[in-house]
Amino acid sequence: MRKSGILLPVASLPSPYGIGCFSKEAYDFVDRLKEAGQSYWQILPLGPTSYGDSPYQSFSTFAGNPYFIDPEELIERGWISKERCSAFDFGGDEESIDYGKIYENRFQMLREAYENSEIKKDAAFAGFVEENRYWLEDYALFMALKDSFGGISWILWEDDIKLRKPAAMEQYREKLADEVCFYQFVQYLFFTQWEKLKSYANKKGIGIIGDIPIYVALDSSDAWANPKLFQFDENCEPTAVAGCPPDAFSETGQLWGNPLYRWEYHKETGYEWWMKRMESCYLRYDVVRIDHFRGFDAYYSIPYGEPTAENGVWEKGPGYDFFETMKKKLGEKEVIAEDLGFLTPSVIELVERTGYPGMKVLQFAFDSREESDYLPHNYTRNCVVYTGTHDNDTILGWYKSLPGEDRRLCDDYLNLYHCLKEEEPDKSAAWELIRAALASVASLAVIPMQDYLGLDSRARINTPSTIGDNWKWRMKDGDFTEELAEKIKELTRLYGRLRA
């Protein structure tokens with residue numbers, strides 16, 4: 001069955017609190033998705049972000065981002081007043097997130113709500129803590145420790161707690177008990193609010209496509225609490241880290257710095273930690289997009305301490321054995337394999353063997369130097385097509401910056417010359433690119449919200465390998481109009497993707 005959806009990070013939703021959250025505006029967005037005849041809302045990872053604000057570098061793969069908690073619920077519960085909540089400065093730009101102000105003020109607001117909540121007497125809270133003990137206990141203590149040590153990475157902690165020696169663990173659990181409870185409280189709020197929003201979306205016929213990075217951050221509770229899972233030495237120092245080799249886009253490659261898995265150990269345990277991770281994903285999402293899927297076939301290993309990615313080597317990943325185990329333990333689940341970039345025959349074989357749809361991105365299609373697998377006539381039905389992803393420019397920004405020969409190929413392929421007669425020719429061409437994605441044979445088409453809004457490069461979410469100006473864009477309140485929803489619905493109907 002042909003379907004379509006819209007990609008919009010939760011952080012990019014409008015809200016009066018400086019960043020998108022699980023507020024009324026999120027429910028309004030779901031309503032608009034329904035009006036537009038969509039089947040899916042695709043989001044980015046929901047984990048708590050660390051330095052750099054990237055959702056792909058999180059303090060925990062299991063935890064949720066405190067920034068997404070709707071302050072209105074705290075007000076309704078009487079844990080903080082409307083006036084007090086409004087007094088916090090969360091930033092005044094409705095189109096951009098001020099993470100500095102969010103960091104400084106959001107936690108202060110949540111702490112005040114915690115102190116007024118008497119949450120320790122709440123049976124539902126106690127039940128949540130017990131049900132999620134397998135990750136929540138370590139995460140809450142990890143965050144409390146980070147706060148007490150001034151935010152430094154656990155790699156730099158004193159050996160007794162860095163290496164989780166029993167006496168030190170007991171000492172800090174007792175010393176930081178209230179702070180640990182605060183972080184448990186925050187997670188309780190996050191998950192109760194998210195479950196309510198997801199349930200609302202599902203009842204409206206909207207599925208949630210979630211997103212998980214293959215790797216966890218080095219400075220994370222996952223790495224600190226489970227050193228056996230990673231390529232660490234006896235002092236819990238990484239021996240090798242993740243990245244990408246040099247290519248046409250980067251002379252020195254990409255040094256991500258994430259710890260690498262000890263896949264042999266994971267296999268010995270029946271991939272127990274990974275199965276818990278995936279199981280938790282399917283409690284949050286209906287479909288899971290796995291970022292850097294090729295890492296299950298082979299991964300690039302860079303010696304720890306190297307200044308660039310130039311001296312890495314390829315190592316063999318777990319391959320199909322991982323997904324065979326997942327299917328046996330969790331059943332058949334919906335997965336989108338992020339299989340972008342240079343693909344070896346073994347990666348292609350792995351994707352085909354799993355049966356999962358891979359990704360096609362229109363912005364990668366129009367390279368005048370060679371035939372591309374991303375051109376729509378080369379698609380099979382079992383794929384997901386995007387005009388662009390969170391790592392790409394908006395379709396308008398991309399089209400306007402296309403070099404001459406590539407632009408001619410794009411114009412020829414889609415017969416865009418008629419757009420020159422329009423009042424805004426580039427915007428008209430961008431709509432034709434959206435139309436091409438929806439018209440393709442791909443079983444699912446996902447369009448970023450910025451592309452439907454006709455926004456230029458200023459609305460780009462992320463530029464890889466850069467820091468300082470990413471993950472900030474927000475949709476303005478009122479931008480997703482009834483008229484736009486109707487236009488999207490008509491295109492969705494025209495190309496047989498209308499939600500039943």
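Is glutamate 490 buried, partly exposed or exposed, and what is its relative accessible area? In this predicted model, glutamate 490 is partly exposed, with a relative accessible area of 37%. The sections below take up its salt bridge and others, then the packing of three helices, and finally some residues in loops.

## Glutamate 490 and its partner in helix H19

The partner of glutamate 490 is arginine 493, with which it forms a salt bridge whose closest N and O atoms are 2.4 Å apart. Both residues belong to helix H19, which covers residues 482–494, and because they are 3 residues apart in this helix, they are separated by about one helical turn. Arginine 493 is likewise partly exposed, with a relative accessible area of 40%. Elsewhere, salt bridges that share partners join Arg111, Asp147 and Glu179 into one network.

## Other salt bridges

The count of salt bridges comes to 28, and one of them links the side chains of aspartate 28 and lysine 24, with an N to O distance of 2.8 Å. These two residues lie in helix H1 (residues 24–35), where, being 4 residues apart, they are separated by about one helical turn. Aspartate 28 has a relative accessible area of 31% and is therefore partly exposed, whereas lysine 24, at 56% relative accessibility, counts as exposed.

A further salt bridge joins arginine 369 to aspartate 367, and here the closest N and O atoms are 2.8 Å apart. Arginine 369 is exposed, with a relative accessible area of 74%, while aspartate 367 counts as buried at 15% relative accessibility. The cut-off behind that last assignment is a relative accessible area under 20%, which means that a value of 15% falls on the buried side.

## Helix H12 against helix H13

Helix H12 (residues 272–284) and helix H13 (residues 320–330) have axes that come within 11 Å and cross at roughly 55°. This angle makes H12 oblique to H13, and the crossing in which H12 passes H13 is right-handed.

On the H12 side, the residues that meet H13 are Trp274, Met275, Met278, Glu279 and Tyr282, and on the H13 side their counterparts are Phe322, Thr325, Met326, Lys329 and Leu330. Taken by class, the residues of this contact divide into 7 nonpolar, 1 polar and 2 charged.

## Helix H13 against helix H14

Helix H13 also packs with helix H14 (residues 345–354), at an angle of about 15° and with the axes 10 Å apart. The two helices are therefore roughly parallel to each other, since angles under 35 degrees are counted in that way. The crossing in which H13 passes H14 is right-handed.

In this contact, Tyr320, Phe323 and Lys327 of H13 meet Leu350, Arg353 and Thr354 of H14. The residues of the contact of H13 with H14 divide into 3 nonpolar, 1 polar and 2 charged.

## A buried asparagine in a loop

Asparagine 65 has its place in the loop between strand S2 (40–42) and helix H2 (71–76), and at 4% relative accessibility it counts as buried. When residues up to four places away in sequence are not counted, asparagine 65 touches Leu46, Gly47, Pro48, Thr49 and Phe190.

## Loop residues with positive phi

Most residues other than glycine have a negative phi. Against that background, histidine 292 is worth inspecting in the model, for its phi is near 55°, a positive value in a residue other than glycine. Histidine 292 sits in the loop between strand S6 (287–291) and strand S7 (298–303), and at 12% relative accessibility it counts as buried.

Tryptophan 471 also has a positive phi, near 65°, and is again a residue other than glycine. Its place is in the loop between helix H18 (449–452) and H19, the helix that holds glutamate 490 and arginine 493. Tryptophan 471 is buried, with a relative accessible area of 9%.

Terms used
Residues numbered from 1 in each chain as written. Predicted model: local features only at pLDDT ≥ 70, side-chain atom pairs only at ≥ 80, totals over all residues. Heavy atoms only, no water. Axes fitted to C-alpha atoms, helices over the stretch in contact; angles between N-to-C directions. Parallel < 35°, antiparallel > 145°, perpendicular 65-115°, else oblique. Left-handed = near helix turned anticlockwise from the far one by under 90°. Contact = heavy atoms within 4.5 Å. Nonpolar A, V, L, I, M, F, W, Y, C, P; charged D, E, K, R; others polar. Salt bridge = Lys/Arg side-chain N within 4 Å of Asp/Glu carboxyl O. Buried < 20%, exposed > 50% of the residue type's maximum accessible area, 1.4 Å probe, protein only.
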